[in-house]
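This report goes through one protein chain, from its overall fold to selected residues. The sequence and structure are shown first.

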Amino acid sequence: MTLLSVNLNKIAVLRNSRGGQEPDISRATVTCIEAGCGGITVHPRPDMRHVRPDDVRTLAALLRGRVEYNIEGNPLAAPRGNYPGLMVLAREVRPTQVTLVPDSDGQITSNHGFDLANDTERLRPLVAELRELGCRVSLFVDPGAKGFEHAAAMGVQRVEIYTGPYAQAFEEGDAGEQLALCVDTARRAQQAGLAVNAGHDLNQANLGTLRVAIPGLAEVSIGHALIGEALYEGLANTVRNYLQILR
């Protein structure tokens, strides 16, 4: 079964908008685990607009030995203020998986993947260090990306396909072309020896179609839609709904 990793950034956004500790990201984490999710995802950013370094550390202790821990971020973003950098956080908490994403400070959300042919040399030593730490390494890639042999050669184990264009096309009622592009990207990544994850704008309406179309889909990371749906359905019920779709 495809693993569901719940991204809890939006819980932190709501907390940060008011200050204090509510809603409690640790309580949300436990709720998701008890509902059956297989992993928790966080994406700390230098501006700390949602998940903060202390959250990353707190959740590491909470998750150890329970479910997978996936930390996303740009390893090339410089430390600043209280943000120590993605690599420092990875060294501290040694998550199950680190998903490398080429986002910049000005992006509201991740909207493109790495250029696997041209970014290899910059990423190679970082991938090697993460592997030495015992982390599985995944790269965020665009649908239609090329050069998966470069990713495999430098030690990357997975790619996460950016599913934003597919989700947008699905909402507009014509997802065929974008779905086919995701399927072809997954096939070529798997042929290069990489496992395939997917994420971005996936929801209860569009997830099932993607899951059926991509054989061997290892993991989906879902946050924004899941937390939004949970406002109406409850967090535990929403997690269970996603798990039922993945079954």
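## Contacts and overall fold

Of the contacts in the chain between residues at least 6 apart in sequence, 73% link residues at least 24 apart. The model is predicted. Eleven helices and eight strands are found in the chain. The radius of gyration is 17 Å, close to the 18 Å that the globule rule gives for 247 residues, so the chain is as compact as a globular protein of that length. Along the principal axes, the C-alpha atoms fill a box of roughly 45 × 40 × 35 Å.

## Burial and surface

Of the 247 residues in the chain, 53% are buried. The chain exposes about 10,700 Å², and carbon and sulfur atoms supply 49% of this area.

The chain carries 24 positive and 28 negative charges, and the mean positions of the two sets lie 6 Å apart.

## Nonpolar core

The largest nonpolar core is made up of 73 residues. Within this core, Leu4, Leu100, Leu139 and Val239 have the most contacts.

Leaving aside residues up to four places away in sequence, Leu4 touches Cys37, Gly38 and Gly39. Under that same exclusion, Leu4 also touches Val220, Ile222, Val239, Tyr242, Leu243 and Leu246. Val239 is thus both a contact of Leu4 and one of the residues with the most contacts inside the largest core.

## Helix 7

Helix 7 spans residues 164-171, and Gly164, Tyr166, Ala167 and Ala169 are buried in it. The buried residues of this helix pack against strand 6 (158-162), helix 8 (176-191) and helix 9. Just after helix 7, Gly173 has a positive phi of about 90°.

## His200

His200 sits in the loop between strand 7 (195-199) and helix 9 (207-213). Is His200 buried or exposed? His200 has a relative accessible area of 16%, and it counts as buried because this value is under 20%.

Residues up to four places away in sequence aside, His200 touches Thr109, Ser110, Tyr162, Thr163, Gly164, Ala167 and Ser221. Two of these, Gly164 and Ala167, are among the buried residues of helix 7. His200 and His224 are 24 residues apart in sequence, and their C-alpha atoms are 8.3 Å apart in space.

Definitions and conventions: Residues are numbered from 1 along each chain as its sequence is written. This is a predicted model: local features need pLDDT of at least 70, side-chain atom pairs count only at pLDDT 80 or more; totals for chains, interfaces and linings use all residues. Side-chain values use heavy atoms; hydrogens and water are left out. A nonpolar core is a set of buried Ala, Val, Leu, Ile, Met, Phe, Trp, Tyr and Cys residues joined through side-chain atoms within 4.5 Å. Buried means under 20% relative accessible area, exposed over 50%, partly exposed in between (1.4 Å probe, protein chains only). Contact means heavy atoms within 4.5 Å. Helices (H or I, at least four residues) and strands (E, at least two) are DSSP runs, numbered from the N terminus. The radius of gyration is taken over C-alpha atoms; the globule rule is 2.2 Å times the number of residues to the power 0.38. Accessible areas come from the Shrake-Rupley method with a 1.4 Å probe; for residues, only the protein chains shown count as cover. Lys and Arg count as positive and Asp and Glu as negative; His and the chain ends are not counted. The place of a charge is taken as NZ of Lys, CZ of Arg, CG of Asp or CD of Glu.
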